[in-house]
Amino acid sequence: MRLTREVRFCLSGGLDQPPLNSWAGWPACDGIVPFLLLRATISGTADAKTGFLCNITAMDRLLREVAIPHLQEAWANAPGGCLPGASALLSVWGSLEDRTLASVKLESLELHTTPFQHFCVSRGRLLVIVLTESFEFSASHRLCCSGLSDEENLELFGKCSNPNGHGHNYVVEISVAGKPDGQSGAITDHREFQRTVQEQVIDRLDHKHLNTDCSEFDHLNPTVENITRVIWALLDGCFGPAKLHRVRVYETPKTYADYWGDSVGS
Ligand code: NI
């Protein structure tokens, strides 16, 4: 069994007073300062008496006594005020390794540097950091199989087979995995990463009718599953030395597809 606990905090401000509103973050924001989320996932067996895998107050204490001060200090000493998320998270993992909670294992840590970007390290892949960043594009599509009549497509795909199409605001999460560079602390050149996704994916698909404007779908029904696989194919191998780890596409806030390439989950 696994349990995940999240703490929200500012990179400035003291931890010497008890939190008054940890929902909004503690140390609290009383100015414009970096605000982060840290998620810790533990694994183990729930206690037969308490039903707890681990008391979350003990998790909070560990994160607040060790992880948050560690990040605050690293940020205060970062050259040029820029703290690379990948190496910072790896360093936090190291700081927690000797302080694991009784009878449970720390499985992963996720550091959310913005609502649209986070870094993750897992016990199974130590030294490897996964960077996930979201992008968006708007496009129209029509779900249909080319060998079927309009009536048959309507029966199969319902209103999604409307002959003139319909639109979505797609959100794409791109995850890349790699080891932090010894010099920069990053797993990939971030500007180059963003430029590649912009040029290879967003410029190609944004404000297009996928069926008629994008050759990738000439013979492929543009379902969210196929869009996800197409985006994987467009990006795979583009981020050396980091590797494309996962592509997630949200067609709506309620529907998304994940693809890890042919090796996993396919
Ligand atoms: Ni649709």
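Which residues are buried in H6? They are Val224, Asn226, Ile227, Thr228, Val230, Ile231, Trp232, Leu234 and Leu235. Keep in mind that this is a predicted model. Here's a quick tour, taking in that helix, a helix pair and a nickel site.

**Helix H6**
- H6 runs over residues 224–235, and its 12 residues should span 16 Å at 1.5 Å a residue; the end C-alpha atoms sit 17 Å apart, so the two agree.
- The helix is mostly covered, with 9 of its 12 residues buried.
- Among the elements covering those buried residues are strands S5 (129–141) and S6 (166–178), plus helices H4 (190–205) and H5 (210–213).
- Strands S8 (243–252) and S9 (255–259) are also part of that cover.
- Just past the end of H6, glycine 237 has a positive phi of about 90 degrees.

**Helices H1 and H2**
- H1 (residues 56–76) and H2 (residues 85–97) have axes that come within 9 Å and cross at roughly 140 degrees.
- The crossing of H1 past H2 is right-handed.
- On the H1 side, Leu62, Leu63, Val66, Ala67, His70 and Leu71 make the contact, while H2 brings in Ala88, Ser91, Val92, Ser95 and Leu96.
- Sorted by class, that contact has 8 nonpolar and 3 polar residues, and no charged ones.

**The nickel site**
- Three histidines serve as protein donors to the nickel ion, each through NE2: His141, His166 and His168, at 2.0 to 2.1 Å.
- Their spacing in sequence reads H-x24-H-x1-H.
- Histidine 141 in strand S5 and histidine 168 in strand S6 are 27 residues apart, so this pair links distant parts of the chain.
- Histidine 141 counts as buried because its relative accessibility is 0%, and histidine 168 is buried too, at 15%.

Notes. Residues are numbered from 1 along each chain as its sequence is written. This is a predicted model: local features need pLDDT of at least 70, side-chain atom pairs count only at pLDDT 80 or more; totals for chains, interfaces and linings use all residues. Side-chain values use heavy atoms; hydrogens and water are left out. Helices (H or I, at least four residues) and strands (E, at least two) are DSSP runs, numbered from the N terminus. The expected span of a helix is 1.5 Å times one less than its number of residues. Buried means under 20% relative accessible area, exposed over 50%, partly exposed in between (1.4 Å probe, protein chains only). Contact means heavy atoms within 4.5 Å. Axes are lines fitted to C-alpha atoms, for helices over the stretch in contact, and angles run from 0 to 180 degrees between N-to-C directions. A crossing is left-handed if the near helix is turned anticlockwise from the far one by less than a right angle, and right-handed if clockwise. Ala, Val, Leu, Ile, Met, Phe, Trp, Tyr, Cys and Pro count as nonpolar, Asp, Glu, Lys and Arg as charged, and the others, Gly among them, as polar. Donors are N, O and S atoms within 2.8 Å of the metal (3.2 Å for Na, K and Ca); water is not among the atoms, so sites may look incomplete.
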